[in-house]
Amino acid sequence: MAKARTLKTKYLIIGNSAGGIGAAEAIREVDKAGSITIVSDEPYHCYSRPLIAKYLTGERTFEGMLFRPLDFYEQNAIDARLGHTVTGLGLDKRTAALESGERITWERLLIASGGVPIVPDTTGLDKRGVFNFISLDDARAISELVDSATKAVVIGGGLIGISATEALSKRGLEVTVVEMKDRILNTILDEEASRMAAETLENAGIRVITDNTVAEIMGKDWVSSVVLSDGEEIPCSLLVVAIGVLPRIDLVQGADIKVNRGIVVDRTMATNYPDVYACGDVSEAYDFVLDTNRLTPIWPNAHIGGRVAGYNMAGVRTEYPGGTAMNSLNYFGLDIAAAGIATPPEKNVYECVSRREDGTYKKLVMKDDIILGMVCIGDIEKSGILYSLMKDRVNVRKFKGALLADNFGLVSLPRRLWRERLGAPQPEQVVELPEEEEMEDVMDE
Amino acid sequence: MKKIYVREEVCMGCGLCRVYCQTEHSRSKDIIKAFKRETPRPLPRIRVERNGETCFSIQCRHCDEPVCVYSCLTGAMRKDPASGTVTIDADRCTGCWTCILVCPYGALTRDENRKAVAKCDLCPDQEVPVCVANCPNEALVLTIEEIAH
């Protein structure tokens, strides 16, 4: 047997999604020559994972989902080994083994392997017609069946579940979503906002079931119905299981890498093992709201964490500013922006202010006059200003009253805060404009 | 790269910057037609903020570390390495508004018709962005700066 090939790379990145791409771009900004290898078991050019719902509805083709242009890997001199699975890591020898039998030796490693869907122990999950909804392959597989199905059930009323629900409904299916807790989107929204979201789904003809679970999946070879814990049977020929994702940590299990729920990283996105970094859904990184590390499996945090990892891997020390649970969503035209703690764990320690007006809702959760959570529905255009106050941990005591007002804007903040945001020009850099008459000539042309 | 700053001490809050911005981003480039006849009505990419005597206008700051670009779910936003301008590819934008949630300036606008975010593009067809060129009190100034790396 021929000796297995060994490849050498300076930077090995496992994962070709938000985090891996962010890291590769950051590395290339500061190290033009060091070899970069990206390995991913998904055989696709990097694509926007959140867009799989739009792929399912037919609003996007795969080309329309590309996260970077087709020549991205070539332009950045990245050896992209897509459709290859890393089967093992030798940390002390700095190697990675691929399923193909090849070995890669690396100098710095980034684990950006993402998450795996949580699989419940429900009976009948192995039937045909049962899917997850986290990858393009999932969306493709569902797509192929969607025209021959009339009824679908989605297990899980979280972000992925609701996005699958909306997409299937838009494809004309009769959809029922089953949430175990008392309300959908319960990890990111408060009760009022969850209610508004549920109402929007119901107005679109979706059945929202809460406080209930799927106890059994019926059908011979194909799924034909589900039976809920309360005994109700709901017919369906398509079942999406979307109860969440867990960090994909199989590669580091048993290794000398600190893992809590995800791979624990410091503010440089480094693990406890020298020259090994992690980011994205697989990692537990700093959360500025909770002031501790935790899983925040969202795209922007993965990408920003990846960039920070990339800079540090290339020797430019950079700190992760911290992320938090932060989501901007749109279901059937209802805009939702939410971040941090939407429902405080202990009511008397936190202060909540909210405002509900036809179709819009805003709420802030504060502690010691620091914003720790926010929900905006409908009116979201100024949500970024609130989010920045939260992120910068600004004491809002003196202008709290203005935060939820209709005309809230930058100018509602104390002068010091908006002045620093506006910035000031360096006099020597100011462009002298032509005199007014000449100006008018220019405009007339 | 081009940057626009406001000198709020001389801003009168007249809103002409907004009118010219809206016109520049219209199909007709004609003030009256843009406002009265174009459907959908073109969107201004600059906000005028007023609070008592204080007023200023604000548009995309084209940040050195554009958190909107880094947070974009689809890759529609990017910072052009040559010009430093933060741009939006409306065809790739899916209207999730994550960029709006992370912009500390509140400088981005929802274009509900295109289902894409609308933002300051520094008027690529003009030497001087129209908000600056038409500010009657020279409250808006244009600078040319090095792109930070």
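Student: Why is strand S25 (residues 370-377) of chain A called mostly covered?

Tutor: A residue is buried if 20 or more other C-beta atoms, placed from the backbone, lie within 10 Å of its own; 12 or fewer make it exposed, and counts in between partly exposed. In S25(A), 7 of the 8 residues are buried, so the strand is mostly covered. This is a predicted model, in which local features need pLDDT of at least 70 and side-chain atom pairs count only at pLDDT 80 or more, while totals for chains, interfaces and linings use all residues. Residues are numbered from 1 along each chain as its sequence is written, and chains are lettered from A and ligands numbered from 1 in the order in which they are written.

Student: What makes S24 (residues 360-367) of chain A and S25(A) a pair?

Tutor: Strands are DSSP runs of E with at least two residues, helices are runs of H or I with at least four, and both are numbered from the N terminus. Two strands pair if DSSP finds at least two bridges between them. S24(A) and S25(A) have 7 bridges, in the antiparallel sense, so the criterion is met. A:Lys363 stands opposite A:Val375 of S25(A). The two strands form a hairpin with 2 residues between them, and A:Asp368 in the turn has a positive phi of about 50°.

Student: Which strand pairs with S25(A) over 5 bridges?

Tutor: That partner is S22 (residues 334-340) of chain A, also antiparallel. Here A:Gly340 faces A:Gly373 of S25(A).

Student: What is the order of the strands in the open sheet?

Tutor: The 5 strands follow the order S21-S22-S25-S24-S23 in chain A, with antiparallel pairing. S21 (326-331) and S23 (351-357) are called edge strands because each pairs on one side only. The twist averages 10° from one strand to the next, with axes fitted as lines to C-alpha atoms (for helices over the stretch in contact) and angles running from 0 to 180 degrees between N-to-C directions. Helix H6 (residues 191-203) of chain A lies across these five strands, at about 150° to S22(A).

Student: What makes S12 (residues 214-218) and S13 (residues 225-228) of chain A a pair?

Tutor: DSSP gives them 4 bridges, which satisfies the minimum, so these antiparallel strands pair. A:Val214 is opposite A:Leu228. Their hairpin has 6 residues between the strands, and A:Gly219 takes a positive phi near 125°.

Student: Why is chain A called as compact as a globular protein of its length?

Tutor: Chain A comes to 10 helices and 25 strands. Its radius of gyration, taken over C-alpha atoms, is 24 Å; the globule rule (2.2 Å times the number of residues to the power 0.38) gives 22 Å for 445 residues, and the two values are close, so the chain is as compact as a globular protein of that length. Of these residues, 47% count as buried.

Student: Which residues touch the most other members of the largest nonpolar core?

Tutor: They are A:Leu110, A:Val240 and A:Tyr277, within a core of 183 residues. H7(A) gives the most to this core, with 7 residues. The term denotes a set of buried Ala, Val, Leu, Ile, Met, Phe, Trp, Tyr and Cys residues joined through C-beta atoms within 7 Å. Beyond four places in sequence, the contacts of A:Leu110 include A:Ile13, A:Tyr277 and A:Met313, a contact being two C-beta atoms, placed from the backbone, within 7 Å.

Student: How many residues of chain A are in contact with chain B?

Tutor: There are 40, and they meet 35 residues of chain B. Helix H7 (299-313), S21 and S22 are among the elements of chain A that give two or more residues to this side.
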